[in-house]
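Work through the exercises below with the model open. Try each task before reading its solution.

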Amino acid sequence: MNLAYIPSPSHGVLYLGPIPLRGYAFCIIIGVFVAVWLGNKRWIARGGQSGTVADIAVWAVPFGLVGGRLYHVITDYELYFSEGRDWVDAFKVWEGGLGIWGAIALGALGAWIGARRRGVPMPAYADAVAPGIAFAQAIGRWGNWFNQELYGRETHLPWALHITSSEGGRVPGYYHPTFLYESLWCVGVGLLVIWADRRFKLGHGRAFALYVAAYCAGRGWIEYMRVDDAHHILGLRLNDWTALIVFLLAVAYMVLSAKKRPGREAVVEPGASGGPAEGASGAPAAGASDQSSAGVSDQPSPGVSGSPVAGEQARAEGAERTGDSQESPQDETESARKS
């Protein structure tokens, strides 16, 4: 028996009268909220309008949930369509079972539709929401903890996960908390994307591609530790192959995109008031103070007005000041007679 371990919740649902409150669903909802909130801040900083991210998310989130569920049901069809199984369970999303690959793929389709309706470039939107998606995944993985699922091999490490349920073929014991490993990895991925985006000014979808590549790198070794049933191809789990292929595609996109379209989009949302907000260090956006730093002002300086009348008045005043300090030729003649 382990003296130190991560306990599992006794149940993953609480009832508020007849209404079930499921931990898995709460984790997904909180994750979506964080992704939209952070994405909105990053979108505004890039020069977009507040609310655009949420408007597009209205399309992306439902598509993502459907895509995630479809991927899970297709790759684990025997859980729902084999003998003795009830196919209706395939629609019970709240019981767990969302494949991130399907969620991102179909969610991207929904985001593309929403972006088209708003008239904004899809790559710029993807860059804005990329770290938020990683943080949303980090939060969503705790839903697996509530359901006591997706754990790794047996271990006696101090941070082992204590599985107590015996439903669905589970064997109570102490296992690697792969849900926790992936949650922490996703937090690191989100922070990496934020840092790289500030450091290298990633644009045209490269911040999103970095998120995809970094997530796949971690998902590969975490997936290898899991012991739940999965399809294998050449000795590797299906999700390992998916992670490898998607990783290579993301890296290829970053390289080709950097060569074809270097830099970052100047305008992310046509018609948005203002421009790119202040950068991470608080400095004004580039070009905002070019004239002031060069000593050039749009306002005319005193005494050098562009008006002809003002110019005549300035010359008259100058003549009066000159006359006060110099004698006229007539005055000099009078002085000579008196002497």
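**Exercise 1. Overall make-up**

Among contacts in the protein between residues at least 6 apart in sequence, what percentage join residues at least 24 apart? Then describe the secondary structure and burial.

Solution. This is a predicted model: local features need pLDDT of at least 70, side-chain atom pairs count only at pLDDT 80 or more, and totals for chains, interfaces and linings use all residues. Residues are numbered from 1 along each chain as its sequence is written, and side-chain values use heavy atoms, with hydrogens and water left out.

- Step 1. The share is 72%. Contact means heavy atoms within 4.5 Å.
- Step 2. The protein has 12 helices and seven strands. Helices (H or I, at least four residues) and strands (E, at least two) are DSSP runs, numbered from the N terminus.
- Step 3. Of the 339 residues, 38% are buried. Buried means under 20% relative accessible area, exposed over 50%, partly exposed in between (1.4 Å probe, protein chains only).

**Exercise 2. The open sheet and a hairpin**

Give the strand order of the open sheet, then examine the hairpin of strand 2 and strand 3.

Solution.

- Step 1. The open sheet has three strands, ordered 1-4-5, with mixed pairing. Two strands pair if DSSP finds at least two bridges between them.
- Step 2. Strand 1 (6-7) and strand 5 (173-175) are the edges, each pairing on one side only.
- Step 3. Strand 1 runs parallel to strand 4 (residues 161-163), over two bridges. Pro 7 has His 162 as its bridge partner.
- Step 4. Strand 2 (residues 13-16) pairs with strand 3 (residues 19-22) in the antiparallel sense, over four bridges. Tyr 15 is opposite Pro 20.
- Step 5. Two residues lie between these strands, and Gly 17 takes a positive phi near 70°.

**Exercise 3. A helix pair**

How do helix 5 (residues 122-140) and helix 7 (residues 178-200) cross?

Solution.

- Step 1. Their axes come within 8 Å and cross at roughly 165°. Axes are lines fitted to C-alpha atoms, for helices over the stretch in contact; angles run from 0 to 180 degrees between N-to-C directions.
- Step 2. Helix 5 is therefore roughly antiparallel to helix 7, a label for angles over 145 degrees.
- Step 3. The contact includes Ala 130 and Phe 135 of helix 5, and Cys 186 and Ile 194 of helix 7.

**Exercise 4. Positive phi outside glycine**

Where do Leu 150 and Lys 201 lie?

Solution.

- Step 1. Leu 150 sits in the loop between helix 6 (142-147) and strand 4. Its phi is positive, about 60°. Leu 150 is partly exposed, at 21% relative accessible area.
- Step 2. Lys 201 is in the loop between helix 7 and helix 8 (206-225). Its phi is positive, about 50°. Lys 201 is partly exposed, at 46%.

Definitions and conventions: Angles under 35 degrees count as roughly parallel, over 145 as roughly antiparallel, 65 to 115 as roughly perpendicular and the rest as oblique.
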